[in-house]
Amino acid sequence: MADFSLQDSLAAWEANADFWDSYMGDNSNRFHREVVKPRVTELLAIAPGDRVLEVACGNGNFAAGMAAAGARVTAVDYSPRMIELARKRHPADGVDFRVTDATDEDQLMALAEMGPFDKAVSNMAVMDMTDIAPLFRCVAHMLKPGGCFVFATQHPCFTTLTDRYLTPHAYMGEGIAGQPVEQCYYHRSLQDILNLCFRCGFVVDGCYEEAYGGKERPDVIILRCIKA
Ligand SMILES: C[S@@+](CC[C@H](N)C(=O)[O-])C[C@H]1O[C@@H](n2cnc3c(N)ncnc32)[C@H](O)[C@@H]1O
């Protein structure tokens with residue numbers, strides 16, 4: 001797909017990390033609370049003692065919530081500044097925060113020592129990643145059989161559209177009004193995302209399309225993938 005490199009995308013998130021953390025605060029924004037969190041929480045169905053991997057955890061709010069529900073959580077993000085802020089915001093919540101690039105198979109597989117995981121989750125980040133194949137492959141590898149990977153991402157049919165749908169492509173955009181720099185987005189069609197899930201041995205058994213503010217066009221798609 002290219003257009004914008006991993007270095008371009010990481011530089012943008014490093015530049016935006018402080019803004020993101022103070023904007024999200026302890027409870028995240030209304031979009032996350034109303035559009036992302038309810039269905040992801042429902043599909044993930046955290047049980048006390050679950051070993052969970054969160055990928056692209058941002059400032060760590062969702063990870064801290066899972067830990068409060070009794071899960072043993074490893075939460076990773078590729079932005080060192082974001083991880084520093086997550087640790088500062090959640091010093092006593094028992095989450096193991098680590099810097100890990102989800103496009104790097106070796107870095108991901110280094111997390112296997114914390115597994116095998118019962119569950120994995122990624123909120124609003126698949127569309128931010130230069131390459132998602134390593135993530136799906138490695139998560140499939142690190143989950144227990146029957147374990148699930150729940151992810152929420154911008155709905156490719158309605159949100160990440162430029163003038164193209166079928167061809168993967170990258171573009172720059174603003175996630176939150178007023179953020180210091182634009183970030184890199186990577187559009188993939190629904191068939192590209194789903195076929196990657198299937199190739200990695202996942203069965204999709206849950207799906208929601210969620211719209212902000214009662215619209216008819218969904219902003220977000222949330223999928224639950226079960227390791228067959
Ligand atoms: C839109 S934010 C979402 C943060 C958090 N999951 C939430 O919902 O509040 C996207 C996050 O993905 C992270 N990210 C983007 N590409 C990544 C990669 N290759 N590996 C790990 N994290 C990545 C960014 O640093 C950022 O924290």
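Hi everyone, let me start at one small spot: right after helix α3 comes G70, and its phi is positive, near 105 degrees. Before I go on, please keep in mind that this is a predicted model.

So, what about α3 itself? This helix covers residues 61–68 and is mostly covered, with 6 of its 8 residues buried. The buried ones are N61, F62, A63, A64, M66 and A67. And what lies over them? The cover includes helix α1 along with strands β1, β2 and β4.

Those strands bring me to the sheet. Seven strands make it up, that is, 7 in an open arrangement with mixed pairing, and reading across you get β3-β2-β1-β4-β5-β9-β8. At the edges stand β3, residues 96–99, and β8, residues 202–210; each has a single partner strand, so one side of each has no neighbour in the sheet. From one strand to the next, the twist averages 15 degrees.

Let me zoom in on one pair. Strands β1 (residues 51–55) and β2 (residues 72–77) run parallel, and 5 bridges join them. If you want a landmark on your screen, take V52, whose bridge partner in β2 is V73.

There is also a helix packed on this sheet: α6, residues 133–142. Which strands does α6 touch? They are β1, β4 (117–123), β5 (143–154), β8 and β9 (220–227). The direction of α6 makes about 150 degrees with that of β5.

Now the ligand, which I suspect many of you were waiting for. There are 21 residues around the ligand, and those that come nearest are A56, G58, Y78, A102 and N123. By character, the shell divides into 10 nonpolar, 8 polar and 3 charged residues. Which element gives the most to this shell? That would be helix α1, residues 6–24, with 3 residues.

Finally, let's step back to the whole protein. We have 7 helices and 9 strands. The C-alpha trace spans about 45 × 40 × 40 Å along its principal axes. For 228 residues, a compact globule would have a radius of gyration near 17 Å, and the protein has 16 Å, which agrees. Buried residues make up 42% of those 228. And looking at contacts between residues at least 6 apart in sequence, 69% join residues at least 24 apart.

That's my tour, thanks for listening!

Conventions: Residues numbered from 1 in each chain as written. Predicted model: local features only at pLDDT ≥ 70, side-chain atom pairs only at ≥ 80, totals over all residues. Near = placed C-beta within 6 Å. Helix = DSSP H or I, 4+ residues; strand = E, 2+ residues; numbered from the N terminus. Nonpolar A, V, L, I, M, F, W, Y, C, P; charged D, E, K, R; others polar. Pairing = 2+ DSSP bridges. Axes fitted to C-alpha atoms, helices over the stretch in contact; angles between N-to-C directions. Contact = placed C-beta atoms within 7 Å. Buried ≥ 20, exposed ≤ 12 C-beta atoms within 10 Å, placed from the backbone. Rg over C-alpha atoms; globule rule 2.2 N^0.38 Å.
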